[in-house]
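This report describes selected local features of one molecular structure. The sequence and the model are shown first, and the description follows.

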Amino acid sequence: MVRRWLTILNREISGVHHAAYLLGGFALLSQILALFRDRLLAAHIGPGVYLDIYYAAFRVPDFIYASVASLVSVSVLIPFLSEREGKPEEEKSFMDSIFTCFFLVMIIVSAITFFLMPYLAKFFLQNTSVEVTASIVMLARILLLQPIFLGISNLFGSITQSRNRFFLYAVSPLLYNAAIIFGIVFLVPYMGIAGVVVGVVIGAFLHFLIQLPFVSSEGMLPRFIFKPDWKLFRTVIRVSLPRTLALAATTVELIFITFYASSMVNGSISIFNLSLNLQSVPLAIIGVSYSLAAFPTLSRLFSQGEREKFIEHMVVPARHIIFWSLPISVLFITLRAQIVRTILGSGNFNWEDTRLTAAALALFVFSLVAQSLEQLFIRGYYATGNTRKPVVINLFSSIVTIGAPFILIKCFYWYPVFSSFIEHLLKVEGISGTVVLMLPLGFSIGTIVNTAIFWFMFETDFPNSTKALWRTMFNGFAAAIITGFIAKLGLGYFDPVFGHTGVFGVFAQGFVSGMLGIVAGIGILKLLKSKELEDVSHVLTSKIFRQKTVILDQERVD
């Protein structure tokens, strides 16, 4: 039995169709496991001081992963390995040098961070007790193992993907989330919140361990060498630096948001992170998927000097991102309570938690279109070789994302009219801690500003390239309004039919109402003769297995 599973894991996936859909299927499974993980966290622990401690403990280790471990990402290393294809000795020498340099840097950075953790924790935490701060420091120190293991997994992943062993790489995130679930179910009763953190570390360890046997069998297991090629390592860093800076900027935003949330009522950090994880699902399915799928073609077209086709292949995925994101955004806003209650509503996650998380989710998905287009614009500029401009835009937008919540929090406290308007609009009157909603609102404002700048700059660099998007925007907005309106009517009509107490009743109410809204939206798009709807219909009724396999990179492990 063990040998059979090893055979499956090590199987070469050479067909484009098989590889693409294997990766896509496992990515979907990973998202489902991540949602189940969050449901268990909400049920077993619930929004409060302990779950806040868990999320806060991630901030510094996540920053290390984004700023150091991501320097050896799969998408960066594979081109270097491709240059050495057919030259086993050069491949092995390259991996030995990169592994040695990376491991030394990670150990030094982690060791320094370990001793500085008490001071770093005070930097991004406010008004927390000595006991809470000490708990965060302890858990964060344990979590310093995570970026080390995931960085090694990136190194191994470049080998497994270059050898077409996509199954091994695709199953890694599943093991990561499964280990966290194991920690919640089996370790938390004995270790408390530390049990979840131990599960995280086990998951990160399994993330690279599953790839170890194949890497070893290929003779590519990296080893320490006394004289690594630091010049080669610097070359890799130069290539990966723009992407690393963008990831680091995002983690810095989350550090500041955690700083703001730590001054609010207990559970604020949890509410923010749970709603952020929920909105990441449509973002991953729409924005990330389209931008990843478009990137190889965009790079090839621009390198060949086919400017017009490059613009066309930027506009087509942008149109479809808008086509999907607008109605989904409205559906999420309309059905936010049903979505949150179905996925998270059990155990220690009460109705007030549901209402507050649902309101935060609505504010996040308000910028779903912008978040998705942002992914495409960034990769569009990367395809042109212009990595400086996305970095500058992202750094500026990060300042907005950090500053916006600070201003909104002040306005929320200083102007009762503003706070009452927000609470009434999102139906959270009478709940304590509603100021936490300023965090996702500020995040969305920063994202919208970022995408607006990208849109303006792209139109400046490629005149008249984005005109076609406005028609799609109009059609999508019209369909989204009708979709949301019909879904809202459905909620009122089906409430006495299914009820709103049990999980099945809440799910059925939201599902049926949502489907009615989608049918109505499709009808509107047909009346408007939507080109995107025609494209989707054509794809669903024809053979679609002609896309090149996309290299998946674990920018964020959920």
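Glu429 counts as partly exposed because its relative accessibility is 38%, a value that lies between the limits of 20% for buried and 50% for exposed. This value, like the others in this report, was computed from a predicted model. Glu429 belongs to the loop that lies between α19 (416-425) and α20 (438-461). Leaving aside residues up to four places away in sequence, Glu429 touches Arg355, Glu423 and His424. Thr250 is 179 residues from Glu429 along the chain, and the C-alpha atoms of the two are separated by 31 Å.

**Nonpolar cores**

The largest nonpolar core has 113 residues, and the members that touch the most other members are Tyr54 and Leu437. With residues up to four places away in sequence not counted, Leu437 touches Leu356, Ala359, Ala360, Leu363, Ile422, Leu426 and Val428. A second core, separate from the largest, comprises 26 residues, including Ile311, Ala318, Phe377 and Ala480. In soluble globular proteins, nonpolar side chains tend to be buried together.

**Second largest cavity**

How many cavities of 30 Å³ or more does the structure hold? There are three, and the second largest has a volume of about 40 Å³. Its lining consists of Met314, Val315, Ala318, Leu376, Phe377, Phe458, Ser465, Thr466 and Leu469. Two elements, α14 (307-334) and α17, each give two or more residues to this lining; the largest share, three residues, comes from α14. Ala318 and Phe377 are thus named both in this lining and in the second core.

**Contact of α17 with α18**

Helix α17, which spans residues 368-384, packs against helix α18, residues 388-414, at an angle of about 145°, and their axes are 8 Å apart. On the α17 side the contact involves Glu374, Ile378, Tyr381 and Tyr382, which meet Lys389, Pro390 and Asn394 of α18. The table sets out the residue classes for this contact and for the cavity lining.

| Site | Nonpolar | Polar | Charged |
|---|---|---|---|
| Contact of α17 with α18 | four residues | one residue | two residues |
| Lining of the second largest cavity | seven residues | two residues | no residues |

Charged residues are therefore absent from the cavity lining under the classification in which Asp, Glu, Lys and Arg count as charged, whereas the helix contact includes two of them.

Methods. Residues numbered from 1 in each chain as written. Predicted model: local features only at pLDDT ≥ 70, side-chain atom pairs only at ≥ 80, totals over all residues. Heavy atoms only, no water. Axes fitted to C-alpha atoms, helices over the stretch in contact; angles between N-to-C directions. Helix = DSSP H or I, 4+ residues; strand = E, 2+ residues; numbered from the N terminus. Contact = heavy atoms within 4.5 Å. 1 Å grid on protein atoms, 1.4 Å probe; cavity = no way out; pocket = protein on both sides within 12 Å on 5 of 7 lines; lining within 4 Å. Points joined across faces, edges and corners; volume = space filled by probe spheres on them. Core = buried A, V, L, I, M, F, W, Y, C linked by side-chain atoms within 4.5 Å. Buried < 20%, exposed > 50% of the residue type's maximum accessible area, 1.4 Å probe, protein only.
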